[in-house]
Amino acid sequence: MNTAAVQERTNYLNESYGLKSWLLTKDHKRIAVLYFITISVFFAMGGVFASLIRTELLTPPGDLVSSETYNKLFTMHGVIMVFFFLIPSVPATMGNFFLPIMIGARDLAFPRINLLSWYLLIVGGALAIFAMVAGGVDTGWTFYTPYSTTYSNSYVIATALGIFVAGFSSILTGLNFIVTVHRMRAPGMTWFRMPLFVWANYATGVIQVLGTPVIAVTLVLVFCERVFHIGIFDPALGGDPVLFQHLFWFYSHPAVYIMVLPAMGVISELVSTFSRKPVFGYGFVAFSSMAIAVIGFLVWGHHLFVSGQSLYAGLVFSFLSYFVAIPSAIKVFNWTATLYKGSISYATPMLYAFGFIGLFTIGGLTGLFVASLGMDVHVTDTYFVIAHFHYVMVGGTIMAYLGGVHYWWPKMTGRMYPEGWAKLSALIVFIGFNLTFFPQFILGYLGMPRRYHAYPDEFQVLHVLSTAGASVLAVGYLMPAIYLFWSLRYGEVAGANPWGAPGLEWQTASPPPTHNFDKIPVVTQEAYDFSKVAGEVIEVG
Amino acid sequence: MASEVHNAHVESLALREQFDTEEQQKDASTLGMWIFLITEIMFFGGMFAAYTIYRSAYPTVFAIASSSLNVTVGAINTCVLLLSSFTMVMAVRAGQLGQRKMIVFFLILTLVFGCVFLGVKAYEWTEKYEEHHMPGQAAFHLEGTPLQGPAKIFFSLYFAMTGLHAAHMVVGVGLLSVIIFQTMKGKFSADYYTPIDISGLYWHFVDVVWIFLYPLLYLIDRHLPK
């Protein structure tokens, strides 16, 4: 396909112009782009809060910000990153864009609901930002009662409402994906011919649909306690604040899988494409996504080991938490087995995939540490836990997110990103990430508690290392922001299938036409069948 | 599924471009509504879980507090809601038969029953307010038990659960109003009445929630030995 043909072709980007054509669009690809812009802004905001936190922690005394401000900083960092970046990250952008294309559909089942879900995220985000501008919120992203219901004087109500509204955005995205996968597959696209990215997003949809309403109703109760002074979690009345923790984690633990499952789906695509082999054990990887979605609902009690939960409950939750590690491990082993005798190319997305596999493994294994009752008592609410979940959320999800963005960038924009710069930034992200968070494992093990802005002198070296790492990480994140923007205009024009990948999304033009395919494909082969790929392959590396 | 069917099928304004057939579209809409109702079950489920925990912690106080509710009015309201479900079914049936006037007639009846329910509910809440049984009131007091804290928890749950249910009724009333308007404009026929069908699913769901709420909130003391 030559350059001229690409530019003349009508696609989803040049079909119509103007702000209105974007804000009222029902095209899943345009909505994905809207999400992409929105969550990039949220990511930058969360990043600014993180930088302030790390700057404060450079020195042992709390000298940059007051303890009240520090409480607000880590709360707002958590709220923004969890509810407004990580939860929508992969599904709302790449899921939205590619799930329909990968199963050969013209759009999601409910395009208007898809647009509505973006507006809900905007409204929720506006409420949360209002809370921050008005004075901030200081409860931690976990909103534990009775502090959040009775004592905090910050903007809990506005923040809770914001998360409530954004939650419905997430529910509607999940609902849309589930119905689309059930009802919109192209002829011949059987369940077990679907790419694993689709399976991962389907499993995520199940969690979004079953879990999110529970946090919604929990926040309704917190809202009612603050506004109408009812007393469901109020210990003064005989209520139980730990009930809040149960309800909160019933959603918020599965929410961890909302954040990481779609990322795992991205990695399956990347590992297959860049080793030019089908994913090893397709069925196991597909079902491990479903297993994570199901078992993930039964492990929430491991957040309550020191909250006065009964020992027997603790034992069961500990066992189940080990159990949920099995499907995650299946994925890691199968990706590794896919590499074996593969024809591996080290393009940027693959570098991110390697980063994901290594860092997620560390994050997952330290998850086993904190899932064991005795060890958890020692490290609860320390930097060990912080490091553990940042290895999964940042080392896992954000690595896969960036990998996916680079992988599908030519499809979404029709332009290649600059490979050299991209590789450099992937390397910087990897180094910066480890420098930031590995010292935090040691800090936590030595007893540094989370959520303090002052600390004893002996922790300073590790904190300085961590802050230095955060600066490197920031550079690593800023670079793609610049060169991806640059590539929109100056990037090399990409063909339909720059990676020589077999998925349906590579069989249509880059960027795809509004209805994705000129003619709805009839699928006659399994996923990841490289034998019939006739695409051009760009030499990398 | 196959795209040839698309051309063979009668072109309809109601068929959206992402679907191949009207059957596929109806299936998708219905499945979507069922999944939404599952989220609603989880949504109410959080409150039912809280109810279960506190009722097992304070069984006696819950029984005493429950007996202060007006069982007769609650029973009448239950009947009103069941009647509204019946008229909703009749509206869907009229939709299947394409009888536009009957659709409007039964939907308006459903709407009226729904509003009656909300009116009675408002009356009951006012009554509770006057009896100082609202948890936010400084003068809150429940006769017959020294445990005013758990009594407040019962009424917190009562107002939260019936309030959430009523909010769903209000949404339902809004939904019905839109459907009635669209029916009068001639949008539906025997070939296309999916919105009536799935609004019916929603309406019945909200009714079923009440079928659980009524005994759990009003009839507790009838389970305890006297």
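# A guided tour of a two-chain predicted model

Begin by selecting chain B, whose secondary structure comes to seven helices and zero strands; helices (H or I, at least four residues) and strands (E, at least two) are DSSP runs, numbered from the N terminus. This is a predicted model, in which local features need pLDDT (the predictor's confidence in each residue, from 0 to 100) of at least 70 and side-chain atom pairs count only at pLDDT 80 or more, while totals for chains, interfaces and linings use all residues. Residues are numbered from 1 along each chain as its sequence is written, and chains are lettered from A and ligands numbered from 1 in the order in which they are written.

**Chain B**

Turn chain B along its principal axes: the C-alpha trace spans about 75 × 35 × 35 Å. Chain B has a radius of gyration of 22 Å, whereas a compact globule of 226 residues would have one near 17 Å. The radius of gyration is taken over C-alpha atoms, and the globule rule is 2.2 Å times the number of residues to the power 0.38. Of the 226 residues in chain B, 37% count as buried. A residue is buried if 20 or more other C-beta atoms, placed from the backbone, lie within 10 Å of its own; it is exposed if 12 or fewer do, and partly exposed in between.

**Chain A**

Next, select chain A, which has 17 helices and zero strands. Its radius of gyration is 23 Å, close to the 24 Å that the globule rule gives for 541 residues, so chain A is as compact as a globular protein of that length. The C-alpha trace of chain A spans about 70 × 50 × 45 Å along its principal axes. Buried residues make up 57% of the 541 residues in chain A.

Colour chain A by confidence: the mean pLDDT is 94, and 97% of its residues reach 70 or more. Residues 1-6 of chain A have pLDDT below 50, as do residues 535-541 of chain A.

**Two helices of chain A**

Select residues 460-490 of chain A to show helix α17, whose 31 residues reach 45 Å from the first C-alpha to the last, close to the 45 Å expected at 1.5 Å a residue. The expected span is 1.5 Å times one less than the number of residues in the helix. Among the buried residues of α17(A) are A:Leu462, A:Leu473, A:Pro480 and A:Leu484. Add α3 (28-56), α15 (383-413) and α16 (419-446) of chain A, which are included in what covers the buried residues of α17(A).

Then move to residues 111-134 of chain A, helix α6, where 24 residues reach 35 Å, close to the 34 Å expected. After α6(A) comes A:Gly135, whose phi is positive, near 160 degrees.

**The nonpolar core**

Which residues have the most contacts inside the largest nonpolar core? They are A:Ile80, A:Ile103, A:Ile267 and B:Leu157, in a core of 228 residues. A nonpolar core is a set of buried Ala, Val, Leu, Ile, Met, Phe, Trp, Tyr and Cys residues joined through C-beta atoms within 7 Å. Centre the view on A:Ile80; not counting residues up to four places away in sequence, A:Ile80 touches A:Phe42, A:Met45, A:Gly46, A:Phe49, A:Phe85 and A:Ala128. Two residues are in contact if their C-beta atoms, placed from the backbone, lie within 7 Å.

**Where the chains meet**

Finally, show both chains: the contact takes 34 residues from chain A and 32 residues from chain B. On the side of chain A that touches chain B, the elements giving two or more residues are α8 (156-183), α9 (196-227) and α10 (241-275) of chain A. The largest share of that side, nine residues, comes from α9(A).
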